[in-house]
Amino acid sequence: MALISVLLGGVAGLLGLFIVYFSWNFNYWHKRGVPSANPFSLFGDRGGGLPFGKSFWSLLDPVYKKYKGKHAFVGTFQARRPVLVALDPDLIKTILTKEYSHFQGRGQAFDEENDPLSAHLFNLEGPRWKALRSKLSPVFTSGKLKVMFPLMTDVGQKLDARLRVLAAEKGTDGEVELKDLLVRYSTDIIASVAFGVTCDSLSGEANEFHTASREVFSANLLFIIRLFLSSIHPALVKLLPFTSLFNKASTFFLSLMKETVEFREKNKVDRNDLVKLMMQLREADSREAGTANHIGFNENLMAAQAFVFFAAGLENNANGVGFALHELSVNPELQQRAAAEVRACSARHGGLTYEAVQEMELVERILREVLRKYCPVGTLTREPTTAFQLPNSELVIDKSVWVWIPVWQLAHDPDFFPDPERFDPDRFTDQAREQRHPYAYLPFGEGPRFCVAERFAILEMKLCLAGLLDKFAFSVGRKTDLKLEFVPTAFSPTPKKGFWLKVDERP
Ligand code: HEM
């Protein structure tokens, strides 16, 4: 009995200590005179970043609605960590671009030694990030993308063939679930371009690439738990039973890159893809040994970069094209105009060439509007590198504070995008863009850390959408989810019931 009492007392004591430690910071903003909503609800006004029935991208909704227009910034908390939410686009510009040197990193906890795949451009910081970014940026210039383009069109042809088969299957009434197909298409593109592998997920057969990608994208909840724990204390991440979020996939990607590089060196293979470009970078890097630019670009670091390309590109591309097809099915007149543009540009350039795709102005505006309405990255994060005094304010923030930019909320703010739930590609004509604050629309981020592959991502989505509109007409079917419910635990807006649409040959 006495032992139980001691144990219970110990547990209560530990719990008490944890609560004190957890809530210790909760007067952080109050002490500094920064508006913030009731942190003593334990998880603050955002549900603490945990998905208690709320979607991840909408967690800042209450904060944004309450304070926008009244304050340039406000305080909130991620678990016990103070978070400054920048609300005013001018302040956002200061943080992301003008005063970027004070906000170089994202403050992502990662462990290169035990999880080599985590040492990628998105996570790295400081001089290592800078050197790697300057080496990788030229990989995505238009010249390089043009050279890679044929690898993408090869996969596009397989997509056409597979969709034709699925639409003709008996008993389906021509209705096809497109999310799975688009994920397979994106897997095959990124496997080919970033890992130099032809994996043919589109055939519907199981393959290691597709399995690894599913492991990565089912780790959403683990990702969110990790983010939550790292904001209590970064050391907690290392205590977790998983060093990497996805062990099997991690081993797969690391050995795949090693084998591919070895095979190419041995057999003198020359293929116009990112592996080739990264092998060239590795060589150049080895010549820079002893200089500040040297980063030790070995196969693990190459695999980590290819992996982030894979993780960043896959679902974003599949969802981007899927949401576009959904919107175009609901709006047949817009679809007709987009298909006419695709055919006119293809006719001018003798097919769906790189130049033809570049010229498709309406198709691009449709995708830019998709990235507004269904913005995949709802919040941008920065961590101050040094203490920084916010403009027009007494407030000095230091490394203990995270800075968040409410990308989703800006993209749905009626002051910037009137009637935000309406799908309207005309929001992205040159004239409309000029009239809006450029920092109100940030699907690819901004400043020196903006998405390194924006051009690649837009090209990949445009090519896929244009190829489909050229051959097929899409319409609402019996299984189409017109309300378009999202998976609540997903990191980005993801359709709960997939993208069911009726598919016919386009006359
Ligand atoms: C629709 C598709 C995509 C969207 C919406 C998107 C969005 C973003 C956003 C918001 C960021 C953070 C920017 C910031 O903090 O300012 C980012 C960073 C990044 N993205 Fe993308 N991305 C997409 C596709 C891709 C693709 C296809 C790749 C690779 C092939 C890629 C590679 C990266 C990398 C490596 C970073 C980190 C850059 C750095 O920190 O230097 N993204 N992306």
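Biologist: Why is Cys451 called partly exposed, rather than buried or exposed?

Modeller: In this predicted model, Cys451 has a relative accessibility of 29%; since buried means under 20% and exposed means over 50%, with partly exposed in between, the value for Cys451 falls into the middle class and the residue counts as partly exposed.

Biologist: What makes Cys451 a donor of the iron atom of the ligand, and where along the chain is this residue placed?

Modeller: The SG atom of Cys451 lies at 2.3 Å from the iron, and a sulfur atom counts as a donor within 2.8 Å of the metal, so SG of Cys451 meets the criterion. Cys451 is the only protein donor of that iron atom, and its place is in the loop between helix 18 (430-434) and helix 19 (454-471).

Biologist: Why does Cys375 fall into its accessibility class, and how many disulfides does the structure hold?

Modeller: The relative accessibility of Cys375 is 1%, which is under the 20% limit, and therefore Cys375 counts as buried. As for disulfides, which would need a pair of cysteine sulfur atoms within 2.5 Å, the structure holds 0 of them.

Biologist: How do you know that Leu482 belongs in the exposed class, and which surface feature does this residue help to make?

Modeller: Leu482 has a relative accessibility of 55%, and because exposed means over 50%, Leu482 counts as exposed. Together with Val330 and Val476, Leu482 makes a nonpolar surface patch of about 250 Å², and Leu482 itself sits in the loop between strand 8 (472-475) and strand 9 (500-505).

Biologist: What makes Leu328 a buried residue, and which residues is it in contact with?

Modeller: The relative accessible area of Leu328 is 0%, which is under 20%, so Leu328 is buried. Leu328 lies in helix 13 (residues 299-330), and, leaving aside neighbours within four places in sequence, Leu328 is in contact with Leu334, Gln335, Ile366, Leu465 and Leu469. With one of these residues, Ile366, the separation along the chain is 38 residues, while the C-alpha atoms are 9.0 Å apart.

Biologist: Which parts of the protein cover the buried residues of helix 4 and of helix 5?

Modeller: Helix 4 (residues 89-98) has Pro89, Leu91, Ile92, Thr94, Ile95 and Leu96 as its buried residues, and these pack against strand 1 (73-78), strand 2 (81-86), strand 4 (380-382), strand 5 (388-389), strand 7 (402-405) and helix 17 (407-411). In helix 5 (residues 126-136), the buried residues are Trp129, Ala131, Leu132, Arg133, Lys135 and Leu136, and their cover includes helix 12 (274-287) and helix 13.

Biologist: What makes the pair Lys258 and Glu262 a salt bridge, and how are the two residues placed in helix 11?

Modeller: The closest N and O atoms of Lys258 and Glu262 are 3.0 Å apart, and as the limit is 4 Å, the pair forms a salt bridge. The two residues are 4 apart in helix 11 (residues 247-267), which means that about one helical turn separates them. Lys258 has a relative accessible area of 40%, as does Glu262 at 40%, so Lys258 is partly exposed and Glu262 is partly exposed.

Biologist: How do you know that Arg337 and Glu333 meet in a salt bridge, and which class of accessibility does each residue have?

Modeller: The N to O distance is 3.3 Å, within the 4 Å limit, and therefore the side chains of Arg337 and Glu333 qualify. Both residues lie in helix 14 (residues 332-349), 4 residues apart, about one turn of the helix. Arg337, at 38% relative accessibility, counts as partly exposed, and Glu333, at 49%, counts as partly exposed too.

Biologist: Are Asp424 and Arg422 buried or partly exposed, and how many salt bridges are counted in total?

Modeller: Asp424, at 16% relative accessibility, counts as buried, whereas Arg422, at 39%, counts as partly exposed; the closest N and O atoms of this salt bridge are 3.0 Å apart. Elsewhere, salt bridges that share partners join Glu364, Arg368, Glu454 and Lys462 into one network, and the overall count comes to 36 salt bridges.

Notes. Residues are numbered from 1 along each chain as its sequence is written. This is a predicted model: local features need pLDDT of at least 70, side-chain atom pairs count only at pLDDT 80 or more; totals for chains, interfaces and linings use all residues. Side-chain values use heavy atoms; hydrogens and water are left out. Donors are N, O and S atoms within 2.8 Å of the metal (3.2 Å for Na, K and Ca); water is not among the atoms, so sites may look incomplete. Buried means under 20% relative accessible area, exposed over 50%, partly exposed in between (1.4 Å probe, protein chains only). Patches are made of residues with over 30% relative accessible area and no salt bridge: like charges are joined within 9 Å, nonpolar side chains (Val, Leu, Ile, Met, Phe, Trp, Tyr) within 5 Å. Accessible areas come from the Shrake-Rupley method with a 1.4 Å probe; for residues, only the protein chains shown count as cover. Contact means heavy atoms within 4.5 Å.
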